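Work through the exercises below with the sequence and the model side by side. Try each task before reading its solution.

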Amino acid sequence: MPAPTCAGTGEGGAMKRVSRVLLPMLVLALVGGPVWWAWPGTLGGWRSVAIVTGWLGYGLLFASLVTMLREPWLARVLGGLGRMYAWHHHLGVLAYLVLLLHPVALAMEALPESPAIAWASVAPLQQGAAGWLGWAALLCLMIGLGVALSPRLAYGRWRALHGLLALAVVVSPAHLVMLGLEQWLWWMPVLAIGVLFWRVLRADCGLAALPHVVAQVAHPARAVVEITLRPMARALAAHAGQFVLVAFHDGPHFQGCHEYHPFTLTAIEPDGSLRVGIKALGDCTRHMQTLEAGVAARVQGPFGDFGAAGSGRPALWIAGGIGIAPFMALLRAGTVAAPVRLIYLYREAADGAYHDELVTLADADPDVTLVAHASGDGAPDLAAILPEADALAGVECFLCGPPGLVDAAVALLRARGAADEHIHFERFEFR
Amino acid sequence: MTRSRRNAVLALLGLAMAASVGARGPWRADEGNTVGWQLMSPEERIEHQARIRSFTDYDACHAYQLEHHRLMEARAAERGLRLPSVRRDACAHLRRDR
């Protein structure tokens with residue numbers, strides 16, 4: 001995975017409350033609509049369970065598909081891309097579990113007749129076209145989900161096999177058509193395929209992305225590169241605390257991975273150029289350390305709004321390694337309007353990206369206090385580094401960094417009396 | 001459980017209850033509306049349901065139904081069984097006078 005991106009939803013209170021409710025409502029509509037239509041009425045017992053689980057599973061799968069769309073406006077409305085991806089994962093797993101019950105319930109329905117009939121109801125070798133298509137969809141789900149839960153698989157292979165989930169969305173309506181359902185049903189597969197195309201064309205093929213070119217390359221720390229991306233056409237309307245998805249293509253001596261990865265903005269220049277910090281954390285980001293000026297790139301976004309929730313109130317910023325990126329952008333933008341204490345943790349001096357610039361910025365702004373700490377190979381002594389309970393009263397806490405560090409720091413902040421609504425962090429899993 | 005999750009679960013339960021009252025779903029073959037249900041294999045039951053659902057014309061549906069009844073009566077006779085004489089018309093929803 002590339003550098004961690006930290007981007008809370010950050011909308012104002014009313015908008016945040018609306019976006020909190022919109023996603024469950026959308027899922028409820030996508031799941032509840034078909035279940036309501038197909039409700040088994042006078043039928044009872046296991047047959048009803050089979051029908052309901054079938055439609056419930058398909059609705060969940062459909063909703064999972066919708067939550068993988070990568071559109072800035074949709075992410076804003078639904079509470080952020082991180083939240084959408086979390087729902088995407090949970091809905092996918094839930095769909096699979098519910099759909100596993102579908103054949104089990106069919107067999108249970110026939111069991112009182114005889115075990116042979118029960119077996120014949122689900123045995124793949126004793127099925128006609130409808131049964132075969134049902135099993136094919138379930139098999140696609142099984143493989144696609146198994147792959148989705150395998151973090152060690154190479155990204156390219158993971159992505160190709162994960163696509164089997166999309167195939168399940170297409171095959172399962174064919175299973176329903178073979179069962180004789182033809183009329184009202186059609187809008188669902190048509191919409192599902194439309195959503196699939198939307199995602200593939202806009203996000204994966206990059207139609208939603210804007211062309212940029214690498215204008216400058218800097219190396220602010222060991223295994224960290226900061227890239228300045230100059231817009232070739234329209235500039236993105238981004239601000240500090242947001243992140244973008246960038247695919248680097250080819251340049252004079254550089255061959256890109258052509259994959260979209262999320263990177264937090266470290267600066268937005270007046271001419272619309274964007275700066276992103278990239279830490280070598282995987283194959284592709286390691287290769288990006290050799291980026292050069294002139295490389296073509298496409299940029300999608302912006303997403304998120306890290307830091308906005310606390311604007312105007314005293315803040316504690318905790319950054320680990322490349323997690324300094326969003327704080328760097330906020331400081332460079334000069335929008336800090338209240339006292340800020342920045343605790344910056346890294347292993348060794350060579351890993352402390354932007355250290356000298358941070359010292360200069362903190363010296364120039366009396367509201368900013370910098371605590372830079374090189375922890376060496378061991379875990380940092382957070383109990384000694386983080387403020388005590390009385391210093392946390394009325395303070396908004398923002399954290400960005402490796403998951404282990406964020407978990408430990410959040411636990412300590414809670415133990416020292418910081419309320420959850422004043423602790424802001426997000427984990428991003430774009431797999 | 002957070003408030004939004006609780007609301008979602010409650011709404012889902014409400015929807016399920018409303019569905020049980022309001023919705024009827026598409027026509028489904030079952031023991032009560034299919035002559036010879038016990039004499040059919042699971043695959044035949046699925047095919048029968050798909051056939052009945054596919055008809056848009058009552059006469060065509062009724063013709064298929066008679067053929068199905070003849071086949072089931074033959075199977076019943078082979079096994080020395082008697083099929084019920086009172087039968088629900090699975091094509092009734094296609095009748096124009098309804």
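The exercises that follow cover confidence, cavities, two buried polar side chains and some backbone details of this predicted model.

**Exercise 1. Find where confidence in chain B is lowest and where it is highest.**

Solution.
1. Begin with the whole model: ipTM is 0.74 and pTM is 0.80.
2. Turn to chain B. Its mean pLDDT is 80, and 73% of its residues score at least 70.
3. Go helix by helix. Helix α1 (residues 3–22) of chain B has the lowest confidence in that chain, with a mean of 60. Helix α3 (residues 58–78) of chain B has the highest, at 93.
4. Apply the rule: where pLDDT is low, predicted coordinates should not be read in detail.

**Exercise 2. Describe the largest cavity: its volume, its lining and the elements that supply that lining.**

Solution.
1. Count first. The whole structure holds three cavities of 30 Å³ or more.
2. Take the largest. Its space comes to about 810 Å³.
3. List the lining. There are 36 residues, and those nearest the centre are A:H102, A:L106, A:H175, A:L179 and B:I46.
4. Assign elements. Chain A supplies at least two lining residues from each of α2 (45–66), α4 (81–110), α5 (115–122), α6 (129–148) and α8 (164–178). Chain B does so from α2 (42–54).
5. Find the main contributor. α2(A) gives the most, with seven residues.
6. Sort by character. The lining has 22 nonpolar, nine polar and five charged residues.

**Exercise 3. Now do the second largest cavity: which residues line it, and how do they divide by character?**

Solution.
1. Its volume is about 60 Å³.
2. The lining consists of A:R70, A:Y155, A:R159, A:R199, A:A203, A:D204, A:H258, A:E259 and A:Y260.
3. In chain A, α7 (155–162) and α9 (187–204) are the elements that give two or more of these residues. α9(A) gives the most, with three.
4. By character, three are nonpolar, one is polar and five are charged.

**Exercise 4. Decide whether A:Q300 is buried or exposed, then find what its side chain reaches.**

Solution.
1. Locate the residue. A:Q300 sits in strand β6 (residues 296–303) of chain A.
2. Check accessibility. Its relative value is 1%, so A:Q300 counts as buried.
3. Follow the side chain. It reaches the backbone oxygen of A:A203 at 2.8 Å.
4. Look at the surroundings. Beyond neighbours within four places in sequence, A:Q300 contacts residues including A:R70, A:R202, A:A203, A:L236 and A:Y260.
5. Link back. A:R70, A:A203 and A:Y260 also belong to the lining of the second largest cavity.

**Exercise 5. Repeat the accessibility check for B:R53 and find its backbone partner.**

Solution.
1. B:R53 lies in helix α2 of chain B.
2. Its relative accessible area is 11%; the limit for buried is under 20%, so B:R53 is buried.
3. A polar side-chain atom of B:R53 lies 2.7 Å from the backbone oxygen of B:W27.

**Exercise 6. Inspect the backbone at A:P302, A:H258 and A:Y354.**

Solution.
1. The peptide bond from A:G301 to A:P302 is cis, with omega near 0 degrees. A:P302 belongs to strand β6 of chain A.
2. A:H258 is not a glycine, yet its phi is positive, near 60 degrees. The residue is in the loop between β3 (243–248) and β4 (261–268) of chain A. At 39% relative accessible area, A:H258 is partly exposed.
3. A:Y354, also not a glycine, has a positive phi of about 65 degrees. Its loop runs between β8 (340–346) and α12 (355–364) of chain A. With 5% relative accessible area, A:Y354 is buried.

Methods
Residues numbered from 1 in each chain as written. Chains lettered and ligands numbered in written order. Heavy atoms only, no water. 1 Å grid on protein atoms, 1.4 Å probe; cavity = no way out; pocket = protein on both sides within 12 Å on 5 of 7 lines; lining within 4 Å. Points joined across faces, edges and corners; volume = space filled by probe spheres on them. Helix = DSSP H or I, 4+ residues; strand = E, 2+ residues; numbered from the N terminus. Nonpolar A, V, L, I, M, F, W, Y, C, P; charged D, E, K, R; others polar. pLDDT = per-residue confidence, 0-100. Buried < 20%, exposed > 50% of the residue type's maximum accessible area, 1.4 Å probe, protein only. Polar contact = N/O pair within 3.5 Å; in protein donor to acceptor, adjacent residues only side chain to side chain. Contact = heavy atoms within 4.5 Å.
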